[in-house]
Amino acid sequence: MKSTTSRGGAVDAVVIGAGHNGLVAAALLADAGWDVLVLEAQAEPGGAVKSAELTPGYLSDLYSAFYPLSVTSPALEELHLEDHGLRWTHAPAVVGHARSATDEDAPLIYRDIDHTAAELDRHHPGDGGRWRALFDQWQRIKGPLLSTLFSPFPPVRGPTRLLRTLGTAGALELAHLMLLPAGVMAQQLFEGEAARLLLLGNAMHADVPIDAPGSGVMGYLLIMMAQDGGFPVPVGGAGQLTAALAHRAAFAGAQIDCQRRVRGIDVKGGRAVAVRTAGGDTVQVRRAVIADTSAPQLYQSLLPADALPGSLLRNLEHFVWDTPVLKVNYALNSTIPWRSASLNGAGTVHLGADQHGLIRWMADLNTATLPERPFMLFGEMTTADPSRSPAGTESAWAYTHLPRGMADDESADKLSVAVDRVLEEHAPGFAQRVVAKVIQRPSDLEGSDANLHTGAVNGGTSQLYQQLIFRPTPGFGRAETPVENLYLGSAGASPGGGVHGICGRNAARAALRSVGITGWPRRRLNRAVLSLTLR
Ligand SMILES: Cc1cc2nc3c(=O)[nH]c(=O)nc-3n(C[C@H](O)[C@H](O)[C@H](O)COP(=O)(O)OP(=O)(O)OC[C@H]3O[C@@H](n4cnc5c(N)ncnc54)[C@H](O)[C@@H]3O)c2cc1C
């Protein structure tokens, strides 16, 4: 381990925030031999990857819980976190979707494709074969497709490999498929409601209405990842993923200081030269600053306004956050009495709405109406990892959304009553089995991680108009910022939310490339591009 100057001195790089993206960036910079200091506002690293024993004997993941993106991501794979204590485990079934409160035969995805296909055929003959064909194609294209989605804008290698694999017509068809609204995609890919709903429920991990262009891609990616590597969880809780990342970053030589909130970045001659903490320390920076903060915090509060182009500040006034989140953590004294017994084996369950119900629910969210019948994501954590609570019990959570602009505690509490009601309908006797319940309102989520504005899951809306070259505002799509050696490395940058570490990796790579023999032309090119896209 290398020693790093933490107070008053200078370091090569400061990473602001020890979320998983910040930790990935810190590890990569330290691997390159840089002195790296991570400054984290909270008492523990991890951001939205943390767990705690909210009820004695019951471990709860406080935010993210299932990690298909992590096991698919090259950014995390290359850190070899298994060598730093991480162990994955799986529920017997990956994900299910209860169609209505009376559904006794909810469809599921299993890790064994024969099992999934047979079940889908049972629900609607022919959909098993359609599922297999889609998965065959996924296996041929997943490398170049993910490279395309994960690369800073404009991606080059991924699209070239896609063209080589699929040919021009095939690549065009795929691009068209990826842009479809989830509802249209589901109808084009499958004939039966079961398979369609599995896609639609997974599309709801982003805040894009299922009738809006681009909403299908999240559903497509998650169902294919569900079939491919499942939705794994770390043995011992989400916090074990953070523990492995923090250990990996420290092993490389990075220093992680908690309870040191950054309140400003000093800029001189267009470069970030120092970082100031709320405690009054100033850390001088020799090479780079990486912000694992939200985009609005970085540009509207940490940087001096005169260091930024006016158009960026104007565009940020129109930055769109994701819809507010309500999360309810349950400790149950038994397994869950689902009407549909198959759901007992699933790690993730989607429930509360069928296709039309999802459209109505999204309409509620976009018309300031507190949903009477919330659609929700539900996690059966002991089913996925028996270490989470005593045998025969369940540590579970549900999360759902409040309407845009409605994030007050009173509305959240009202919505939590509706969540309990929907659960009771799907699992009669659920309430009687609850021994403890802890609610995380939007204010609680934001209070424990400044990036989670009213609980924002993805660091800003995932809608097409704020993705790719428009993320976080028009003209970006990369980690570089208008300040020469400052990089945005959080979910606020492209490709966005989820625990994949790509945002942190993109930022670290951009910082590493900006120094050395090729650094000068790269910095010039970046300045030229940004001066064309920002005014
Ligand atoms: C309820 C919920 C459920 C989710 N479920 C899943 C899931 O199952 N699977 C999945 O893949 N994704 C899930 N996500 C999304 C995922 O957790 C996030 O997209 C991801 O964690 C973002 O990582 P990050 O490093 O960009 O930011 P964060 O994890 O938010 O970390 C940012 C860190 O920066 C710190 N910070 C902020 N400002 C400052 C400052 N000024 N000074 C110092 N430190 C600062 C914060 O305290 C925090 O530690 C979920 C999110 C939520 C909220």
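D444 is partly exposed, with 32% relative accessible area; this class lies between buried (under 20%) and exposed (over 50%), judged with a 1.4 Å probe and protein chains only. The areas come from the Shrake-Rupley method with a 1.4 Å probe, and for residues only the protein chains shown count as cover.

The model is predicted, so local features need pLDDT of at least 70 and side-chain atom pairs pLDDT 80 or more, whereas totals for chains, interfaces and linings use all residues. Residues are numbered from 1 along each chain as its sequence is written, and side-chain values use heavy atoms, without hydrogens and water.

**Exercise 1.** Identify the residue that forms a salt bridge with D444, and describe its exposure.

*Solution.* A salt bridge requires a side-chain nitrogen of Lys or Arg within 4 Å of a carboxyl oxygen of Asp or Glu. R441 satisfies this with D444, the closest N and O atoms being 3.6 Å apart. R441 is partly exposed, at 22%. By the same rule, the count comes to 24 salt bridges.

**Exercise 2.** Locate the two partners of the salt bridge between K142 and D228, and describe their exposure.

*Solution.* The N to O distance in this pair is 2.7 Å. K142 belongs to helix α5 (residues 127–150) and D228 to helix α9 (residues 216–228), and the two are 86 residues apart. Helices (H or I, at least four residues) and strands (E, at least two) are DSSP runs, numbered from the N terminus. Both are partly exposed: K142 has a relative accessible area of 27%, and D228 has 29%.

**Exercise 3.** Which parts of the chain are tied together by R271 and E484?

*Solution.* The salt bridge between R271 and E484 has its closest N and O atoms 3.2 Å apart. R271 lies in strand β11 (residues 271–277) and E484 in the loop between α17 (442–448) and β18 (486–488), so the pair joins parts 213 residues apart in sequence. E484 is buried at 18%, whereas R271 is partly exposed at 27%.

**Exercise 4.** Which helix gives the largest share of the positive patch?

*Solution.* A patch comprises residues with over 30% relative accessible area and no salt bridge; like charges are joined within 9 Å, and nonpolar side chains (Val, Leu, Ile, Met, Phe, Trp, Tyr) within 5 Å. The members on the surface are R157, R161, R164, R509, R513 and R522. Both α6 (157–179) and α18 (502–513) supply at least two residues; the largest share, three residues, comes from α6. R522 is placed in helix α19 (residues 519–533) and is partly exposed at 42%.

Terms used:
Lys and Arg count as positive and Asp and Glu as negative; His and the chain ends are not counted. The place of a charge is taken as NZ of Lys, CZ of Arg, CG of Asp or CD of Glu.
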